[in-house]
Structure formats: C-alpha cells, structure tokens
Amino acid sequence: MRYAQHVDVLASHSMLLAIPAFVPAVAVVAVVVGIAMRDRRAERRQAERPGSEAAVADPLDREENG
C-alpha cells in the first residue's frame with residue numbers, strides 16, 4: 001500500500017474497528033488481576049499476624065490431618 005508524500009497514516013480502519021473489542025477485554029483482565037493481587041496481599045497479611053489460623057483455614061489440610 002502506497003500513500004502520497006507527506007501523509008501520515010495514524011491508524012487504518014481495521015485497527016479502529018478492533019478498539020471496541022479489545023478495550024473491554026483489557027478491562028476485564030485488569031479487574032481479575034487486581035482482585036487476585038488484593039487477595040494475595042490479604043492472605044499474606046493474615047499469615048503474618050501472630051496467632052493466625054492460616055493452616056486451619058485450608059479445608060484440604062483439615063481432611064488430611066483429621
């Protein structure tokens with residue numbers, strides 16, 4: 001594809017049409033990653049607290065040990 005001299009093509013039509021498809025997908029991924037990071041930080045804080053019951057909170061550990 002050849003353009004006239006001194007013409008800057010900033011985006012083609014196909015790129016502009018793809019924006020409505022990718023923006024919601026990127027937003028969903030950002031929300032999921034944000035929630036996962038928040039949950040991991042909360043688990044880490046709870047495990048660092050003295051007297052925490054982090055090991056008992058896992059149902060698989062209770063079945064194996066009891």
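**Surface patches and exposure in a two-helix chain**

R49 is exposed, with a relative accessible area of 54%, where exposed denotes over 50%, buried under 20% and partly exposed the range in between (1.4 Å probe, protein chains only). The model is predicted, so that local features need pLDDT of at least 70 and side-chain atom pairs pLDDT 80 or more, while totals for chains, interfaces and linings use all residues. Residues are numbered from 1 along each chain as its sequence is written, and side-chain values use heavy atoms, without hydrogens and water.

The protein chain contains 2 helices and 0 strands, assigned as DSSP runs (H or I, at least four residues; E, at least two) numbered from the N terminus. R49 lies in the loop between α1 and α2 (59-65). Of the 66 residues, 0% count as buried. About 6500 Å² is exposed by the chain, 61% of it supplied by carbon and sulfur atoms (Shrake-Rupley method, 1.4 Å probe; for residues, only the protein chains shown count as cover).

R49 also belongs to a positive surface patch with R40, R41, R44 and R45. A nonpolar patch of about 270 Å² is made by L16, I19 and V23, and V23 is found in helix α1 (residues 13-48). Patch residues have over 30% relative accessible area and no salt bridge, with like charges joined within 9 Å and nonpolar side chains (Val, Leu, Ile, Met, Phe, Trp, Tyr) within 5 Å; a salt bridge is a Lys or Arg side-chain nitrogen within 4 Å of an Asp or Glu carboxyl oxygen.

Definitions and conventions. Lys, Arg positive; Asp, Glu negative; His and termini not counted. Charge placed at Lys NZ, Arg CZ, Asp CG, Glu CD.
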